[in-house]
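This report is meant for a reader who is meeting the structure for the first time. It takes up the ligand and its surroundings, then the nonpolar cores, and finally one arginine.

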Amino acid sequence: MILDGKAFVITGGLGSIGSATASIIVEKGGYAVLFDILPEETAKAKIQAFDQPEKYFYSKTDITNKEIMEASLTSILQQIPKGSLFGAVHCAAVNPNKPWTSKMSDKLEDFETVLKVNAYGTFLVDALVADAINSQYPPLDVFHERVTEERGVIVNLSSVVGHTPPARCLTYGPSKTCVLGITEAAADFLAPSGIRVNSIAPALVVSPLMASGDRMKYFQDAVEGYSMFPRRFTTPPEIAMAIIFLLENSMMNAFHLKVDAGWRQITSWANGIDPRKSVVVE
Ligand SMILES: NC(=O)c1ccc[n+]([C@@H]2O[C@H](COP(=O)([O-])OP(=O)(O)OC[C@H]3O[C@@H](n4cnc5c(N)ncnc54)[C@H](O)[C@@H]3O)[C@@H](O)[C@H]2O)c1
């Protein structure tokens, strides 16, 4: 798929991976439609700092809310060039970032919140973006012929901890496993309307969240211990380039791409260290 002239919704578009992806899409001649929960003024300031700010659109959107998502998509379809919506990069997600507790049941509330944003939100974004893409064509009836044109592509952000959820990602990990399942089911369901769906699994990416508290130090040790090569954090553009590959290569479908330098997730008790005493739990 050639990105020139095409528009992509980027949820969590003001975040680190979202904005890195948006700027490559725009560099390649596309339009970046950013959806995020942050205020308009924050978005305006960020967009003004990008090259070609006129190629960006912003809609303050909570991706867990169907009505708000629908209203944002309707409004965006009126602003971008007619027929130019070709997909989404779904980055918006949360992680609770709470300390370890003694009982799994302490995590029930977090589990509900995280599932709502990361799992239900992914289903909602994929479904409504697919509807918005298809709304640009004559209506399809329920048992329509399979279309032959490539109408679009969606990339969902999972995580390496969605592939193998460890104890310290008790709620976030399984929510990202849901992203893998939704990706495969959506790819199969949307195939007749010419829409591909893939997922990306980053490991540790430099982001504002990572910079808080002792997280960097904690994860640097984990990377040193369990990454293959290179043993360092990933930069947002390194994830964005992998996302662009999935957007551009029309043969990529129902695929989960790990961008993790061979990082392995384990809860290690090595060298007499109790992993539960570490500072980070999600
Ligand atoms: N950063 C990492 O180390 C890492 C690792 C693995 C996976 N991921 C995944 O990559 C994706 C992007 O991560 P990032 O590092 O850019 O995070 P980030 O925190 O920089 O960006 C996430 C953005 O999502 C927005 N958001 C949160 N809830 C929302 C909602 N309900 N509606 C709309 N927007 C909402 C936030 O405002 C924020 O701008 C996420 O899905 C994350 O789980 C990140």
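## Polar contacts of the ligand

A polar contact is a pair of N or O atoms within 3.5 Å; within protein, one of the two must be able to donate a hydrogen and the other to accept it, and residues adjacent in sequence count only if both atoms are side-chain atoms. A nitrogen atom of the ligand lies 3.4 Å from a polar backbone atom of T61, and a ligand nitrogen is likewise 3.4 Å from a polar backbone atom of I37. With D62 the partner is an N or O atom of the side chain, found 3.0 Å from a nitrogen atom of the ligand. Taken alone the ligand exposes 830 Å², of which the protein buries 87% (accessible areas by the Shrake-Rupley method with a 1.4 Å probe; for residues, only the protein chains shown count as cover).

The model is a predicted one, in which local features need pLDDT of at least 70 and side-chain atom pairs count only at pLDDT 80 or more, while totals for chains, interfaces and linings use all residues. Residues are numbered from 1 along each chain as its sequence is written, and side-chain values use heavy atoms, with hydrogens and water left out.

## The shell around the ligand

Around the ligand there are 26 residues (each with a heavy atom within 4 Å of it), and D36, C91, Y172, K176 and V205 come nearest. The shell divides into 16 nonpolar, seven polar and three charged residues. Helix 1 (16-27) and helix 6 (172-190) each supply at least two residues of this shell (helices are DSSP runs of H or I with at least four residues, strands runs of E with at least two, numbered from the N terminus).

## Nonpolar cores

A nonpolar core is a set of buried Ala, Val, Leu, Ile, Met, Phe, Trp, Tyr and Cys residues joined through side-chain atoms within 4.5 Å, where buried means under 20% relative accessible area. The largest core has 36 residues, and L34, I200, I243 and L247 touch the most other members. Its largest share, seven residues, comes from helix 8 (residues 236-248).

Apart from this core lies another, of 28 residues, among them M69, L85, V117 and L190.

## Arginine 196

R196 lies in strand 6 (residues 195-202) and is buried, with a relative accessible area of 5%. Its side chain reaches the backbone oxygen of L247 at 2.7 Å. The C-alpha atoms of R196 and E150, which are 46 residues apart along the chain, are separated by 8.3 Å.

Definitions and conventions: Nonpolar A, V, L, I, M, F, W, Y, C, P; charged D, E, K, R; others polar. Buried < 20%, exposed > 50% of the residue type's maximum accessible area, 1.4 Å probe, protein only.
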